[in-house]
Each structure stands twice: as structure tokens, then as C-alpha cells.
Amino acid sequence: MGVIENSKLTVVGAGSVGTSLAYAALIRGSASEVALYDIATAKVDAEVLDLSHGTQFTPSRVTGGDDLGVVEGSHVVVITAGAKQAPGQTRLELAGTNARILERLLPALLERAPHAVFVLVTNPVDVLTVAAQRITGLPPSRIFGSGTVLDTSRLRWLLARRAGVTTSNVHADIVGEHGDTEFPLWSTARIGPVPILDWRGGEPFSAGELDDIAREVRDAAYTVIRGKGATNYAIGLAGARIVEAVLRDERAVMPVSTVLGGVHGLDEVALSVPCVVGGDGAVAIEETPFSPEERRLLHASADAIRASVDSLGI
């Protein structure tokens, strides 16, 4: 697909995730203009300059800086800004720090881009998606989190490698929290049209093997962080893909994190379920089938996220 003319993406935060997302969006042509905003002047100016030097080879142009005017005219704003988890710091403590950052940042972003769709990538993304929706008062469809799009990509890659097929032929989703309580929807997982447990393209999958694969997906970020200190490339690509679905009004099905209102029996909690993502944002697919055990796991995941939100007093 070609670049959509006069489309603008702003990435907020020039750290490793934000710059990887901006780079992915540039080379994929996710938007005709990719802007990068950060309050760290020297850092953001250097990143924009470095990206600019390569735009002879990209279909998009890049702008950016430390002035909020960078955000004006954006159709999609992706927020990657936030504190990193420090050694010994709990996820809840991190959530509190980053929620306070959003309280200062979001009203200013919304003032500059009042009609944009906002996508949260900063972790813990589900908790912060609830916070962001409450801070802005936007409809949940217009402010949502990247959720388990990356986790789902990890799952499909592992299944494809094991089955000996291309990743695009694997249809399986990770849902729930982007974190330790996430889980795969095995009841609807398919390779092509074949249910995962019926696959006979080689050695059949066993339930135990699928459990091991799910565990590997959950632990993937820790594995990458141990080796290189952060995860950035894959989430950058995942974020760019979400942006494209919005800007092109694709109505693509993705497991993003939205504040639910009665879907699957859940209210006022954000977690990932398959959603339709298009020009107006993301809307959960209410008719997604869950087995009784998957439904139990989804509610357990929601309880864990809700406990973190309640502890913050947002």
C-alpha cells in the first residue's frame, strides 16, 4: 500500500521504543509525515536529524522537536513517553509514576490534536489506558493501548516456526493483560483453516507443548531485556502497524487494549480482546468466542488490572 497523502503521525517520546516506532513508520510509509516529540531537546533533535538523513530512501518525511507545536495536525498520536522500571521498583510503582506523567501530558496533547486517535504504548499499558481515558474523557475507542498485538506476533511466529508455515497463515491471539496474566485463545487458534490441535503438517501439537509456547511468549520480553536491556524493534513495528490500520481505516482485527463497557461481562477495565481497528479507533468484538476456562482467565486478568487501577486512585 502507498502512503496516505496528508496523514500525520506524532510519536511522543524519543526513547528506544519511540524512535524505533518512528523509524518503522518512516520506512513502512505508515504516514506521509512522522513527527517525534520529546522534552529532552538535545536527544529529540539528534534523533530527528538522524532520521532525516535517511529520508531520501523513505516514502515519508520526518519532523520533530521539543515544542508541543510538533503535535498540531496529527491524525494519530502514539505515546511511548514514561519512566522505565527501575531495579527493585514494582509495576504498581511504575504505573503511579507514569500515570502522573500522563496527567500533565495528555491535556496538552489533546489541545494540540483535538481530533486525533491516541494510542498508548507506555507500560503498564492496560493500567495506563484506563488512566488516559479518564484523564481525557475521550470515548474509549479513541484512546486505546497497543495491548497484546506484540505478544500475538510473538505467538504466531513461534507457532509458524514449529508448524513450518508462514506467519501470515497462523491465526491465534494472545488476550488479557499485556503482562503476566495474558493467555492464548487456543479454542479458536488455527493454522490456515485447521484447528491447532488437529494440525498434521508434521508432529501434532500437544496440550503440554502449547502450554510451553504460551509460557515462552509471556517470558519473551524478559529474555530480550536480559540480553540487550530493552525491547524496541518489534514493538516499534507493532505500533506502526496499528497506526496504519487507523490511518487507512482498514477495520483490521487486532488484540488492542480498550476500556470495556460490558463486553464479555467486563466494565471500566482495559485489557486486550480482538477489536476492529479503523479510522475512528478501536472497538471490541463482542461476539468473540471464549471457552469457559478462557472466560475465567479473562476475568482473572481483568481483576489483576483493576486492582492496580484502584490502588492508584485514578
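Helix H4 makes a right-handed crossing as it passes helix H8. The model on screen is predicted, and the tour starts at this crossing.

**Stop 1: helices H4 and H8**

Select residues 125-136 for helix H4 and residues 292-312 for helix H8. Their axes are 9 Å apart and the packing angle is about 50 degrees. The two helices are therefore oblique to each other. To see what makes the contact, show the side chains of Asp126, Val127, Val130 and Arg134 on H4, and those of Ile305, Ser308, Val309 and Leu312 on H8.

**Stop 2: a salt bridge within H8**

Stay on helix H8 and select Glu293 and Arg296, which lie three residues apart, about one turn of the helix. They form a salt bridge, and its closest N and O atoms are 2.7 Å apart. Are these two residues buried or partly exposed? Arg296 counts as partly exposed at 47% relative accessibility, and Glu293 is partly exposed too, with a relative accessible area of 42%.

Next, select Arg28, Arg241, Glu244, Arg248 and Glu250, which are joined into one network by salt bridges that share partners. The count of salt bridges comes to 15.

**Stop 3: Lys8 and Glu33**

Select Lys8 and Glu33, another salt-bridged pair, with the closest N and O atoms 3.8 Å apart. Lys8 belongs to strand S1 (residues 8-12) and Glu33 to strand S2 (residues 33-37), so this salt bridge ties together parts that are 25 residues apart in sequence. Both Lys8 and Glu33 are buried.

**Stop 4: Asp173 and Arg156**

Move to Asp173, whose salt-bridge partner is Arg156; here the closest N and O atoms are 3.1 Å apart. Asp173 is found in the loop between strand S7 (170-171) and strand S8 (174-175), while Arg156 sits in helix H5 (residues 149-163). The pair links distant parts of the chain, 17 residues apart. Asp173 is buried, with a relative accessible area of 18%, whereas Arg156 counts as partly exposed at 24%.

**Stop 5: Gly176**

Select Gly176, in the loop between S8 and strand S9 (183-184). Gly176 has 0% relative accessibility and counts as buried. Which residues does Gly176 touch, not counting residues up to four places away in sequence? They are Asp126, Thr148, Leu271, Ser272, Leu298 and Ser301. Asp126 was also part of the contact between H4 and H8.

For a distance check, select Pro114 as well: Gly176 and Pro114 are 62 residues apart in sequence, and their C-alpha atoms are 29 Å apart in space.

**Stop 6: a three-stranded sheet**

Finish at the open sheet formed by three strands in the order S12-S15-S16, with antiparallel pairing. Why is one side of S12 and of S16 left without a neighbour in the sheet? Strand S12 (252-254) and strand S16 (281-284) stand at the edges and each has a single partner strand, so one side of each has no neighbour there. On average, neighbouring strands of this sheet are turned by 35 degrees against each other, direction ignored.

Now select strand S15, residues 275-278, together with S16: the two pair in the antiparallel sense over four bridges. For one position in this pairing, show Val276, whose bridge partner in S16 is Val283.

Methods. Residues numbered from 1 in each chain as written. Predicted model: local features only at pLDDT ≥ 70, side-chain atom pairs only at ≥ 80, totals over all residues. Heavy atoms only, no water. Pairing = 2+ DSSP bridges. Axes fitted to C-alpha atoms, helices over the stretch in contact; angles between N-to-C directions. Salt bridge = Lys/Arg side-chain N within 4 Å of Asp/Glu carboxyl O. Buried < 20%, exposed > 50% of the residue type's maximum accessible area, 1.4 Å probe, protein only. Parallel < 35°, antiparallel > 145°, perpendicular 65-115°, else oblique. Left-handed = near helix turned anticlockwise from the far one by under 90°. Contact = heavy atoms within 4.5 Å.
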